[in-house]
Structure formats: C-alpha cells, structure tokens
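Trainee: Hi, I've just opened this one and could use a guide. Can we go through it together?

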Amino acid sequence: MTGAVRSYAVTAVAFEALAARDLAALGALSVTPDQEEFGGSFDASLADWRTSDPRCLLGLAFLRDDTPIGLVLLKRPPLSPDWVARDAVSLHGFKIATPYQGGGLGRKALKCAVETVSRHWPDARRLCLAVDAGNAAALALYRGSGMQDSGAAHQGRIGVEYRLSLTL
C-alpha cells in the first residue's frame, strides 16, 4: 500500500526481566559518536546498571515488536546527582539506537519511562535530568514532552547543561 504509515508501539521492560540474548542485543546497539559523547554507550549503561544498588537504580529497555531499540537508567538518591531532591528520580543515558531514530519512537519511549517511574516509585514527585545545551534533539524531545527548566544553566561534564524536570 503506497503512502501507508505504520505506527509502532514501544514497551519498557526492566533489564532484569530480559533474557540474556536480549541484554546482549541491547549492549550491541549504538548511537552516533556525538550522541554517545552526550549519553554514553549502550554497553556502558548496562555496566552501570550491573554494578549499582537495584533499590536505587532501575534500568529499562525499550522494545519495538520485542526487539531492543533503546534504554534508560532511572536513579534515586543517593545514586542521583546531589542536585536531585530526595523525592525525585533522575534520568540518565536515555538513548534510542541510530536505525530507530526519527520516527517518534523516542517520544513513545520517554512516555513509557515516565509511566514506569510512577508505578515503580509511587512516592516520587518529579523526574529530573541534565541535558547538554548542544544536544538539540534531546532538548526538543524533553521540552516537547512537558519538561521544564528547573534553574539556571550550569557547567556540565562536557559543556553547558540545562536541568529539566517534570512533575509526576
């Protein structure tokens, strides 16, 4: 059918619920070098998850038709940066693999992450993140999803970054 558009569903699954082959597939995904500079590699995110306290860190894989396409790490204090309030969750390393970018899957994945945070940590009041000022695609995604600036810009790891938050 010419001109047909397929809208894919995205689901979020906790890393610990994935089969070993799916974890391996997730770790083998990649983003562009610039994106990796901003948010790290898939493999590095999995390594962070493997070595962190599971009471304070939730790793989510994003699946499209049972195929891993992305991930995010969600952290509670004391694993969150010191600027994150005790009643908040911080978002880290959100990424959608390069072949799956540009079709709205990131927006769907972020929505899944927000919904999962609310279920997993019902006492959390806000979702917070830091995003590099030069990461225009991420800024558009986060602000387009309702996240708002939560203070002045700061000097981050690789440049100026904004801190954004979303009330849950």
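**Walking through the fold**

Mentor: Sure. Read along the sequence, this protein follows the pattern β-α-α-α-β-β-β-α-β-α-β-β-β. Keep in mind that the model is predicted.

Trainee: How many helices and strands is that?

Mentor: Five helices and eight strands.

Trainee: Okay, and what about the overall size? What box do the C-alpha atoms fill?

Mentor: Roughly 50 × 35 × 30 Å, taken along the principal axes. The radius of gyration is 15 Å, which agrees with the value near 15 Å that a compact globule of 168 residues would have.

Trainee: What share of the residues is buried?

Mentor: Buried residues make up 45% of the 168. As for the outside, the accessible surface comes to about 8800 Å², and 51% of that belongs to carbon and sulfur atoms.

Trainee: And the contacts, how much of that comes from residues 24 or more positions apart?

Mentor: If you take the contacts with a separation of 6 or more, residues 24 or more positions apart account for 62% of them.

Trainee: Switching to charges: how far apart are the mean positions of the positive and negative ones?

Mentor: They are 5 Å apart, with 18 positive and 17 negative charges in the protein.

Trainee: Now the backbone. Where is there a cis peptide bond?

Mentor: Look at Pro-77 and Pro-78: a cis peptide bond joins them, with omega about 15°. Pro-78 sits in the loop between β3 (67–75) and β4 (88–96). For background, most peptide bonds are trans.

Trainee: What about phi? Which residues other than glycine have a positive value?

Mentor: Asp-65 and Asp-66 are among them. Asp-65 has a phi of about 50°, and Asp-66 has one near 65°. Most residues other than glycine have a negative phi.

Trainee: Where do I find those two?

Mentor: Asp-65 is in the loop between β2 (57–64) and β3, and Asp-66 lies in the loop between β2 and β3 too.

Trainee: How exposed are they?

Mentor: Asp-65 is partly exposed, at 46% relative accessible area. Asp-66 has 66%, so it counts as exposed.

Trainee: New topic, cysteines. How many disulfides does a search of the whole structure find?

Mentor: Zero. A disulfide would be a covalent bond between the sulfur atoms of two cysteines.

Trainee: So why is there no bond between Cys-56 and Cys-128?

Mentor: Because of distance: the closest cysteine sulfur to that of Cys-56 is in Cys-128, and it is 15 Å away, too far for a bond. Starting from Cys-128, the closest cysteine sulfur is the one in Cys-56, again at 15 Å.

Trainee: Are those two buried or exposed?

Mentor: Cys-56 is buried, with a relative accessible area of 12%. Cys-128 is buried as well, at 3%.

Trainee: What does Ser-165 touch, leaving out residues up to four places away in sequence?

Mentor: Cys-128 is one of its contacts, and the others are Arg-126, Leu-127, Gly-146, Met-147, Gln-148 and Ser-150.

Trainee: Which strand is Ser-165 in?

Mentor: Ser-165 lies in strand β8, which covers residues 160–167.

Trainee: Last one: is Ser-165 buried or exposed?

Mentor: Buried, since its relative accessibility is 13%.

Conventions: Residues numbered from 1 in each chain as written. Predicted model: local features only at pLDDT ≥ 70, side-chain atom pairs only at ≥ 80, totals over all residues. Heavy atoms only, no water. Helix = DSSP H or I, 4+ residues; strand = E, 2+ residues; numbered from the N terminus. Rg over C-alpha atoms; globule rule 2.2 N^0.38 Å. Buried < 20%, exposed > 50% of the residue type's maximum accessible area, 1.4 Å probe, protein only. Contact = heavy atoms within 4.5 Å. Areas by Shrake-Rupley, 256 points an atom, 1.4 Å probe, with all protein chains shown as cover. Lys, Arg positive; Asp, Glu negative; His and termini not counted. Charge placed at Lys NZ, Arg CZ, Asp CG, Glu CD. Disulfide = S-S within 2.5 Å.
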